[in-house]
Amino acid sequence: MKANVIIIDPKKREIDYTSHETDLENIRKSLDCKFIEMIYLFSYPNVTVICDEEGRLKNNDKKYYVRLGEHIFVNKIMLVNL
């Protein structure tokens, strides 16, 4: 199944609005991670952030952050209206 998503990549400083497959493997490939975490941000409109569950724990040379309201995410995130 496809859904319209917004992918935010702070490393490349890009925001991409696209149609994306919502199966687990495609999401993992897009976010370049092994484990994903889903965080529900707002009651209306329904916005879900999908991010790397281990993003803060990884030993990267430099970490890139995305701030959405009071939440801070590490590396690439995906916004989905589920």
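Which strand does F73 lie in? The close-ups below start from that residue; please keep in mind that this is a predicted model.

**View 1. F73 and its surroundings.** F73 sits in strand β6, which covers residues 71–74. Its relative accessible area is 5%, so F73 is buried, the limit for that label being under 20%. Leaving aside neighbours within four places in sequence, the residues in contact with F73 are I39, V49, C51, R56, Y64, Y65, V66 and L68. Take V49 from that list: V49 and F73 are 24 residues apart in sequence, while their C-alpha atoms are 9.4 Å apart in space.

**View 2. The largest nonpolar core.** Here we meet F73 again, now as one of 10 residues in the largest nonpolar core. The other members are I8, I39, L41, V47, V49, C51, V66, I77 and L79. Strands β3 (36–42), β4 (47–52) and β7 (77–80) are the elements that each give two or more residues to this core. The largest share, three residues, comes from β4.

**View 3. V47 and its contacts.** This view turns to V47, a member of the largest nonpolar core. Not counting residues up to four places away in sequence, V47 touches I39, Y40, L41, F42, L79 and V80. Among these, I39, L41 and L79 also belong to the largest core.

**View 4. A second core.** There is also a second, separate core, made of eight residues. Its members include I27, C33, I50 and M78.

**View 5. The salt bridge between R28 and E25.** The structure holds one salt bridge. It joins R28 to E25, with the closest N and O atoms 3.0 Å apart. Side chains of opposite charge can pair when their charged atoms come close. Why are R28 and E25 separated by about one helical turn? Because they are three residues apart in helix α1, which runs over residues 24–31. Are these two partners buried, exposed or partly exposed? R28 has a relative accessible area of 26% and is partly exposed. E25, at 44% relative accessibility, counts as partly exposed too.

**View 6. S30 in helix α1.** Helix α1 is also the place of S30. Is S30 buried or exposed? With a relative accessibility of 18%, S30 counts as buried, because the label applies under 20%. Beyond residues up to four places away in sequence, S30 touches H20, K76 and M78. The last of these, M78, was named in View 4 as part of the second core.

Notes
Residues numbered from 1 in each chain as written. Predicted model: local features only at pLDDT ≥ 70, side-chain atom pairs only at ≥ 80, totals over all residues. Heavy atoms only, no water. Helix = DSSP H or I, 4+ residues; strand = E, 2+ residues; numbered from the N terminus. Buried < 20%, exposed > 50% of the residue type's maximum accessible area, 1.4 Å probe, protein only. Contact = heavy atoms within 4.5 Å. Salt bridge = Lys/Arg side-chain N within 4 Å of Asp/Glu carboxyl O. Core = buried A, V, L, I, M, F, W, Y, C linked by side-chain atoms within 4.5 Å.
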